[in-house]
Amino acid sequence: GRVVVDEDLKTNVAGVYAPGDINGKKMLAHAAFAMGEAVAEAALGHTKRADLRFVPSVVYGSPELASVGLTEAQARAESASVSVGIFPFSANGRAIASGDTEGFVKVIVDTHLGELLGIHMLGSHVSELINEATALMKLEATAHEVIEIIHAHPTLSEALMEAVAAALGRCVHLPGKPKR
């Protein structure tokens, strides 16, 4: 059901590459675009790989659903030192001001290294918010660094920072324990 490729998206036929959905790696338009760029670079004699570790996924609906990285179950299978932080949009100033408080941000952190393992969101405009999460993971920002980033207020992006703080047990703006 797919064309088998190596790390460079090369098939077993010399000079033939298979970027995009056909290889079954990440069946998303933005992932295919990144793979296509990598293959174009290779065709020009440059070495570039499509890094598919941090490809955001979005379900466009009402509310939207967005994620990047590992699920909580995947993270727990890989690491014994996992902490989860959840911050509801019902406690976010921008969401309250807009009257759209449905949803939350969930962050999975490796507490030993501070590594962001997965970030999952449900709510309005999370298709925009997931890009900050993806950039932080790609740049290997630690959870400790993320909570030191000053976010504009009031913004939905504060919910991401607050969820990371919650995973570290340092969220001061969380009204009680959110329901999952």
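How many salt bridges does the structure hold? In this predicted model, the count comes to 7 salt bridges. Before turning to individual pairs, it helps to look at the sheet and at the helices that sit on it.

The sheet is an open one, built from 5 strands in the order 1-2-5-4-3, with antiparallel pairing. Strand 1 and strand 3 (82-88) form its edges, each pairing on one side only. Neighbouring strands are turned against each other by 10° on average, with direction ignored. Strands of a sheet pair through backbone hydrogen bonds, in either a parallel or an antiparallel manner.

At the strand 1 edge, residues 57-59 run antiparallel to strand 2 (residues 64-69), and 3 bridges hold the two together. A hairpin of 4 residues makes the connection from strand 1 to strand 2. Going residue by residue, V58 has A66 of strand 2 as its bridge partner, while V59 is partnered with L65. Strand 2 also pairs with strand 5 (residues 115-123), again in the antiparallel sense, this time over 6 bridges. Here S67 finds its bridge partner in H120 of strand 5.

Two helices that pack on this sheet are worth a look. Helix 4 touches strand 1, strand 2, strand 4 and strand 5, and its direction makes about 180° with that of strand 5. Helix 6 packs on the sheet too, touching strand 3, strand 4 and strand 5, with its direction at about 140° to that of strand 3.

Back to the charges. Side chains of opposite charge can pair when their charged atoms come close. One such pair is E7 with R49, whose side chains meet in a salt bridge at 3.0 Å, N to O. E7 sits in the segment before helix 1 (29-43) and R49 in the loop between helix 1 and strand 1, so this pair ties together parts that are 42 residues apart in sequence. E7 counts as exposed at 58% relative accessibility, whereas R49 is partly exposed, with a relative accessible area of 48%. The pair is also part of something wider: E7, D8 and R49 are linked in a network of salt bridges.

The loop between helix 1 and strand 1 takes part in another pairing. The side chains of D51 and K138 meet in a salt bridge at 2.7 Å, N to O. D51 lies in that loop and K138 in helix 4 (residues 126-138), so far along the chain that 87 residues separate them. Both ends are partly exposed: D51 has a relative accessible area of 29%, and K138 comes in at 43% relative accessibility.

What about E72 and K106? Their side chains meet in a salt bridge at 2.8 Å, N to O. This one links helix 2 (residues 72-78), home of E72, to strand 4 (residues 103-110), home of K106, with the two positions 34 residues apart. E72 is buried, with a relative accessible area of 14%, and K106 is buried as well, at 16%.

Which residue is buried yet has no salt bridge? That is E162, for which the nearest side chain of opposite charge, R170, is 10 Å away. E162 lies in helix 6 (residues 157-167). A salt bridge needs a side-chain nitrogen of Lys or Arg within 4 Å of a carboxyl oxygen of Asp or Glu, so R170, at 10 Å, does not qualify as a partner for E162. Leaving aside residues up to four places away in sequence, E162 touches F87, C171 and H173.

Technical notes
Residues numbered from 1 in each chain as written. Predicted model: local features only at pLDDT ≥ 70, side-chain atom pairs only at ≥ 80, totals over all residues. Heavy atoms only, no water. Pairing = 2+ DSSP bridges. Buried < 20%, exposed > 50% of the residue type's maximum accessible area, 1.4 Å probe, protein only. Lys, Arg positive; Asp, Glu negative; His and termini not counted. Contact = heavy atoms within 4.5 Å. Axes fitted to C-alpha atoms, helices over the stretch in contact; angles between N-to-C directions.
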